[in-house]
Amino acid sequence: MYDFDHQLFLGLNFDGGPVVDRLMLTVSGTAMWLPLYALILWLVWRRGGWRNVIVFTVLMIAALALSDMVSGIFKGNGVLGDLLPGFEPRWRPMFTPSLEGLEIAPDSLRALRMAGTPGNWTVHVPVEAVSGRFGTVSAHAATIVALAVLSASVIRRRWFTALMVFCTLLICYSRIYLGKHFPMDLVWGTLVGAILGWAAYQAYRKLTQKKELQ
């Protein structure tokens, strides 16, 4: 696997202490973003009414689910995880021995991380963030970008687009801070999310136009 983004990762990953650790764990979670989902649905309702909200919600769920499933293909997990049996997934930064100057197997480093073994680690990883083996395509990046592309295309407000860009960057950076993804994992996830989000928007536009003509 390529390693040209290792130095960029190391430049962005650092130990911010317990407060920043908790913040980034929260940002990477789900509960914090429920108000954003509510805001999006409210804005869609204001723009097009309840019928549009229903169409938007169905397509949003489909885009997010597909983003997660497509990302799983490249990590060998999930519903579509068996589609690329010969593909070699990329280990998460927290399980990449070369970053620590170690000559051990990634699984051995994973065991040390899972056990919470103290040490002078190069990669900062909060104990609560240790999970999963591979990060080839970031599902977090794919899902938030799909949501951003779909919602910003439908709502069409500059302040809202700026908000979604900010949220996207914050979530993506949290994945680097937590040691879960290299920068290129996020780039691939962004591409997956952008394609599926745009496809969902095209479907939304066609479905809502048909309803308006009836």
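**Note on the cysteines, the H5–H6 contact and the nonpolar cores**

1. The sulfur of Cys172 lies 11 Å from the closest cysteine sulfur, that of Cys167, which is too far for a bond, given that a disulfide requires a pair of cysteine sulfur atoms within 2.5 Å. The model under discussion is a predicted one, and a search of the whole structure returns 0 disulfides. Cys167 accordingly takes part in no disulfide, the nearest cysteine sulfur being that of Cys172.

2. Are these two cysteines buried or exposed? Cys167 has a relative accessible area of 5% and is therefore buried, and Cys172, at 11% relative accessibility, also counts as buried, because the limit for that class is under 20%.

3. Cys172 is found in helix H6, and, if its neighbours within four places in sequence are left aside, the residues in contact with Cys172 are Ala141 and Leu186. Cys172 and Ala141 are separated by 31 residues in sequence, while their C-alpha atoms are 5.9 Å apart in space. Both Cys172 and Ala141 appear among the residues that make the contact between H5 and H6, to which the next point turns.

4. The axes of helix H5 (residues 139-155) and helix H6 (residues 158-177) come within 10 Å of each other and cross at roughly 180°. Since angles over 145 degrees fall in that class, H5 and H6 are therefore roughly antiparallel to each other. On the H5 side the contact is made by His140, Ala141, Ile144, Val145, Leu147, Ala148, Ser151, Ala152 and Ile155, and on the H6 side by Phe160, Thr161, Met164, Thr168, Ile171, Cys172 and Arg175. By character, the residues of this contact divide into 11 nonpolar, 4 polar and 1 charged.

5. The largest nonpolar core holds 29 residues, of which Ile40, Val44, Phe56 and Met164 touch the most other members. The elements that contribute two or more residues to this core are helix H3 (34-73), H5, H6 and helix H7 (183-213), and H3 gives the most, with 11 residues. Met164, listed above for this core, is also one of the H6 residues in the contact with H5.

6. Val44 deserves a separate remark: apart from its neighbours within four places in sequence, Val44 is in contact with Gly49, Asn52, Val53, Phe56, Val154, Ile155 and Tyr204. Of these, Ile155 is also named on the H5 side of the contact with H6.

7. A second, separate core comprises 17 residues, including Val125, Val130, Ala141 and Tyr177. Ala141, a member of this second core, is the residue described earlier as being in contact with Cys172.

Conventions. Residues numbered from 1 in each chain as written. Predicted model: local features only at pLDDT ≥ 70, side-chain atom pairs only at ≥ 80, totals over all residues. Heavy atoms only, no water. Axes fitted to C-alpha atoms, helices over the stretch in contact; angles between N-to-C directions. Helix = DSSP H or I, 4+ residues; strand = E, 2+ residues; numbered from the N terminus. Parallel < 35°, antiparallel > 145°, perpendicular 65-115°, else oblique. Contact = heavy atoms within 4.5 Å. Nonpolar A, V, L, I, M, F, W, Y, C, P; charged D, E, K, R; others polar. Buried < 20%, exposed > 50% of the residue type's maximum accessible area, 1.4 Å probe, protein only. Core = buried A, V, L, I, M, F, W, Y, C linked by side-chain atoms within 4.5 Å.
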